[in-house]
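Q: Could you walk me through this one with me? I'd like to start with the empty space inside and then jump around a bit.

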Amino acid sequence: MTELNNQVFVDTEDTVRGKSTMVAVNVGLIANMFLAAIKTTIGIMGHSPALLADGINSTSDVAYGLVVAIFMRLSRKPADREHPFGHSQFESIAALVVGAFVMTTAVGIFWDAVNTIFDELSGQVVSSKASPITLWVALFTVGLKIGLFYYTRLIGKKQNSIAVTALAYDHRNDIFAASAALVGIALGRAGLSWVDPLAAAIVALVILRTGIQILRESASDLMDTLPEDDFERRVSAVLKDIPGILRLEAVFVHRFGPYLVMNITINVDGAISVAEGDQIASEAEKRLRTSIDFLQTVHIHYHPLQ
């Protein structure tokens, strides 16, 4: 009955969590579609390489936003025979996709910006001043992205979703990118035409840094890196007051998307019965589930203390 209740709880939690994360993904996707269209169009018509670069960045956001939406839906599939712990690791794969798209976009923007700066400084190209509307579009982007960043980060932390958190990082990245574009456009209009493409290059470096950060975190998740350095100490603190547990022997944790599957070994008195050992293990499982967030399954082995 305990296993059934736990499964019902996890399924209900997955449903609520899935709806919340999908709303965050879809809101970001719609916003990026709007920004990609307006920044690319105004960047070309308003003669602003920085705003155009930021528009290309938003276009890539739309592309991987669609991929993330698909992967997030796949992660909500229930457990089956081939995947007994569910499909939640699709979230980590989605984060890897985000990181790869971000880094590829950064390299493309940076290369184009460097070429534009060279042409400006060598006199091969005489650029026009950016239109005033480009300033307003960049300023609007900053404001919108600040709101999206705080909203998406809140959902990502609350639901422990690495994919949504990756999107929050990208929104934050867009704040810096749009701010750099805003400064570059302003200085370009003041007569320093080479500053506009320079701002595009700075945008690219900020984007690249974010992509590397996303890849590192998603790779750590897929490689079963422990959630925290002191995780074993946390487990020990939860179990120390349980009568019958003489020592915590080993702790192994596996990640499955946002959830944790834990295998621990405890030492008990070798003279107690199997039933008494099972009672101690059940109490330990109960306390761990209460104390550790997103703990999906815990397997407890008990050995006699040598």
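**A cavity and its surroundings**

A: Let us begin with the largest cavity, keeping in mind that this is a predicted model: sorted by class, its lining has 5 nonpolar, 4 polar and 2 charged residues.

Q: Which residues line the largest cavity?
A: The lining is made up of Ala 24, Val 25, Gly 28, Leu 29, Asn 32, Asp 61, Tyr 64, Gly 65, Leu 167, Asp 170 and His 171.

Q: And which helices supply at least two residues of that lining?
A: Helix 1 (2–45), helix 2 (49–75) and helix 5 (162–189) each do so, and the largest share, 5 residues, comes from helix 1.

Q: How many cavities are there, and what volume does the largest have?
A: Searching the whole structure for cavities of 30 Å³ or more turns up 1, and the volume of the largest cavity is about 80 Å³.

Q: Ok, new topic: how many aromatic pairs are there in the whole structure?
A: The search finds 2 aromatic pairs. One of them is formed by Phe 34 and Phe 140, which meet edge-to-face, with 6.1 Å from centre to centre and 85 degrees between the planes. This pair links distant parts of the chain, since Phe 34 belongs to helix 1 and Phe 140 to helix 4, 106 residues apart.

Q: Why do those two count as partly exposed?
A: Partly exposed covers the range between 20% and 50% relative accessible area, so Phe 34 at 44% falls into that class, and Phe 140, with 42%, does so too.

Q: What about helix 4 itself, how far does it reach?
A: Helix 4, residues 132–158, has 27 residues and spans 40 Å from its first C-alpha to its last, which is close to the 39 Å expected at 1.5 Å a residue.

Q: Which of its residues are buried?
A: In helix 4 the buried residues are Thr 134, Val 137, Ala 138, Thr 141, Val 142, Lys 145, Leu 148, Phe 149, Thr 152, Ile 155 and Gly 156. Just after helix 4 comes Asn 160, which takes a positive phi of about 55 degrees.

Q: Last one: where does Leu 215 lie, and what does it touch?
A: Leu 215 lies in helix 6, residues 195–222, and, leaving aside residues up to four places away in sequence, Leu 215 touches Leu 96, Gly 99, Ala 100 and Met 103. Although Leu 215 and Met 103 are 112 residues apart in sequence, their C-alpha atoms are 9.3 Å apart in space.

Q: Is Leu 215 buried or partly exposed?
A: Leu 215 counts as partly exposed, because its relative accessibility is 25% and buried would require a value under 20%.

How values were computed: Residues are numbered from 1 along each chain as its sequence is written. This is a predicted model: local features need pLDDT of at least 70, side-chain atom pairs count only at pLDDT 80 or more; totals for chains, interfaces and linings use all residues. Side-chain values use heavy atoms; hydrogens and water are left out. On a 1 Å grid over the protein atoms alone, a cavity is a set of points where a 1.4 Å probe fits but cannot get out, and a pocket is an open set with protein on both sides within 12 Å along at least five of seven lines; lining residues have an atom within 4 Å of a point. Grid points are joined across faces, edges and corners, and a volume is the space filled by probe spheres set on the points. Helices (H or I, at least four residues) and strands (E, at least two) are DSSP runs, numbered from the N terminus. Ala, Val, Leu, Ile, Met, Phe, Trp, Tyr, Cys and Pro count as nonpolar, Asp, Glu, Lys and Arg as charged, and the others, Gly among them, as polar. The expected span of a helix is 1.5 Å times one less than its number of residues. Buried means under 20% relative accessible area, exposed over 50%, partly exposed in between (1.4 Å probe, protein chains only). Contact means heavy atoms within 4.5 Å. Rings of Phe, Tyr and Trp (its six-membered ring) pair if their centres lie within 6.5 Å; planes under 30 degrees apart count as stacked, over 60 as edge-to-face and the rest as tilted.
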